Structures are given as C-alpha cells and as structure tokens.
Amino acid sequence: MRLVMLGAPGSGKGTQGARLAERLQVPHIASGDLLRAQVRDRTELGRLIAGCLDSGKLVPDEQVLDLVLPVVLAAAAGAGGYVLDGFPRSVAQAVKAESVLAESDAGVERVIFLAVPEPVLVERLLERAGAAGRSDDTPEVIGDRLRVFQAETRPLIDHYRARGLLLEVAADRPAEEITQAIVTIL
Ligand code: AP5
C-alpha cells in the first residue's frame with residue numbers, strides 16, 4: 001500500500017503514520033524527520049534549511065524533493081509501499097512527485113486526511129512543547145505553521161479528492177480509535 005498522511009501540524013500524521021506503517025509492514029517516511037536529521041548532522045543542506053524549520057516556513061521544493069523522493073522510490077521498490085508523512089506539502093510538490101513516482105509505478109494510492117479542530121491542534125502542540133519540545137513548538141511558530149498549512153497544504157485536499165484518492169477521518173479522539181477507523185476504511 002502506498003499511503004500519504006495529510007493534516008495540519010499536530011493532527012497526528014506522525015503518530016498514525018508510524019502505527020499504519022507497522023501494520024502494513026512498509027517504511028514510514030516523515031519529511032520533517034528527514035529534514036531535522038540534516039540539521040542535527042550539520043550537513044550543508046542542514047545549514048541551509050535550519051531557518052525554515054525553526055520558523056515554520058516550508059523548505060524550498062527542490063531541496064525537499066531531492067531528499068525525499070529517492071527514499072520513497074526505494075521503499076516502493078524494496079518493501080512494496082510506504083506511508084508518507086508531511087510530504088507532499090503543496091500542490092506544486094504533489095504534481096512534481098506524481099510525475100517522478102508514476103515512472104516507477106510508485107504513485108500514491110490513498111491519502112488519509114486527519115481532520116482535527118484548530119484549538120485541539122494548538123493544545124496538542126503546546127503540550128508537546130512542555131514535554132520533549134521541538135524548536136518549532138513555540139506559540140508564535142505554531143501560529144505560523146497553521147497559517148502555512150491553510151495557505152499551502154490545505155489545497156491538497158481538493159487536489160486529491162478530485163483524483164478520487166482522499167479518505168477523511170475524524171482525528172480528535174484516542175489514537176487507537178483513529179488507527180482502527182483508518183484500517184477499516186482502507
Ligand atoms: P513536520 O515534521 O512534518 O511537522 P508538522 O506538519 O508541523 O507536524 P507535527 O509533526 O507537529 O504533527 P503531526 O501531524 O505529525 O502530529 P504528531 O503525531 O507528531 O514539519 C516540520 C517542518 O519541516 C515544517 O514546518 C517545514 O519547515 C519542514 N517540512 C516538512 N516537510 C516539508 C515539505 N514536504 N516541504 C517543505 N517543508 C517541509 O502529534 C503531535 C502531538 O499530538 C504529539 O505530542 C502527539 O503525541 C499528540 N497526539 C497525536 N495524536 C493524538 C491523539 N489522537 N490524541 C491526543 N494527542 C495526540
């Protein structure tokens with residue numbers, strides 16, 4: 001199965017992506033984790049993108065596509081599928097990825113949109129900030145990330161709906177219930 005997890009920051013893309021990948025026995029590929037690893041490892045790319053990650057802005061398409069697509073292609077070829085989390089992040093990214101993936105018969109089969117009311121998103125992210133914390137989990141950057149989602153990522157809902165790939169799941173409930181609901185609709 002080749003899945004995309006779509007949702008706002010804090011909607012549970014990472015949480016559900018990991019659970020589904022385990023059930024489906026395919027790699028969980030999180031673009032945010034791949035990008036943060038570059039920063040942590042102080043690579044040249046990491047130095048270029050650190051500011052975007054800290055401020056909640058999207059990393060430029062070319063850098064994201066170069067980093068993520070080889071991993072997606074390898075997962076599709078080696079494991080027969082993937083669960084993608086955080087990518088694509090805009091219609092432009094989706095269109096560019098579609099043409100590359102289609103050449104290898106590795107295109108997206110289903111997109112799960114995790115629907116969560118905004119106050120719940122903010123509450124979850126502030127709670128994480130108080131626990132482990134991520135550099136972009138400050139009140140100001142959370143607001144910016146939510147605005148970026150509305151402007152850049154939300155149009156993907158219509159993009160995938162028009163292609164008959166979108167499945168929407170109410171995701172303001174316990175994680176296990178959400179996983180069960182996704183498995184059922186898949
Ligand atoms: P990314 O790492 O993708 O972060 P995000 O979209 O902001 O999402 P989060 O990881 O905060 O939330 P999530 O939806 O995964 O939820 P999670 O399961 O973690 O992106 C970070 C940055 O990288 C971007 O701002 C951008 O700069 C860059 N980037 C990444 N991809 C890019 C791309 N394709 N193009 C350009 N730039 C890119 O859960 C959140 C919290 O809620 C956790 O504490 C969790 O325990 C809790 N939680 C989860 N589910 C539940 C539940 N059901 N009930 C209660 N709590 C829950």
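# Notebook: core, helix H8 and salt bridges

**Entry 1. The core.** I looked up the largest nonpolar core, which has 53 residues. Leu-6, Tyr-82, Leu-84, Phe-87, Ile-112, Tyr-160 and Ile-182 touch the most other members. I then asked which element gives this core its largest share. Helix H4, residues 61-79, supplies 8 residues. I note that this is a predicted model. In soluble globular proteins, nonpolar side chains tend to be buried together.

**Entry 2. Helix H8.** Tyr-160 from the core list led me to helix H8, residues 155-162. Which residues of H8 are buried? I found Leu-156, Ile-157, His-159 and Tyr-160. They cover an arc of only 165° around the axis, so they sit on the same side of H8. Next I checked the face turned away from that buried side. Asp-158 and Ala-162 are there, and they are exposed.

What covers the buried residues of H8? My list includes three strands: E1 (2-6), E4 (110-115) and E5 (166-170). It also includes helices H5 (91-103) and H7 (139-153). I looked just past the end of H8 as well. Gly-164 takes a positive phi there, about 75°.

**Entry 3. Salt bridges.** I counted 13 salt bridges. Side chains of opposite charge can pair when their charged atoms come close. I picked three pairs to look at.

*Glu-176 and Arg-19.* Their closest N and O atoms are 2.6 Å apart. Glu-176 lies in helix H9 (residues 175-185) and Arg-19 in helix H1 (residues 13-24), so this pair ties together parts 157 residues apart in sequence. Glu-176 is partly exposed, at 37% relative accessibility. Arg-19 is partly exposed too, at 30%.

*Arg-36 and Asp-33.* Here the closest N and O atoms are 2.8 Å apart. Both residues are in helix H2 (residues 31-40). They are 3 residues apart, so about one helical turn separates them. An α-helix has 3.6 residues a turn, so residues three or four places apart point the same way. Arg-36 is partly exposed, with a relative accessible area of 25%. Asp-33 is partly exposed at 44%.

*Arg-145 and Asp-137.* The closest N and O atoms of this salt bridge are 2.9 Å apart. Are these two residues buried or exposed? I found Arg-145 buried, and Asp-137 buried as well. I followed the pair further and reached a network of salt bridges. It links Arg-128, Arg-134, Asp-136, Asp-137 and Arg-145.

Note on methods. Residues numbered from 1 in each chain as written. Predicted model: local features only at pLDDT ≥ 70, side-chain atom pairs only at ≥ 80, totals over all residues. Heavy atoms only, no water. Core = buried A, V, L, I, M, F, W, Y, C linked by side-chain atoms within 4.5 Å. Buried < 20%, exposed > 50% of the residue type's maximum accessible area, 1.4 Å probe, protein only. Helix = DSSP H or I, 4+ residues; strand = E, 2+ residues; numbered from the N terminus. Arc of directions from axis to C-beta. Contact = heavy atoms within 4.5 Å. Salt bridge = Lys/Arg side-chain N within 4 Å of Asp/Glu carboxyl O.
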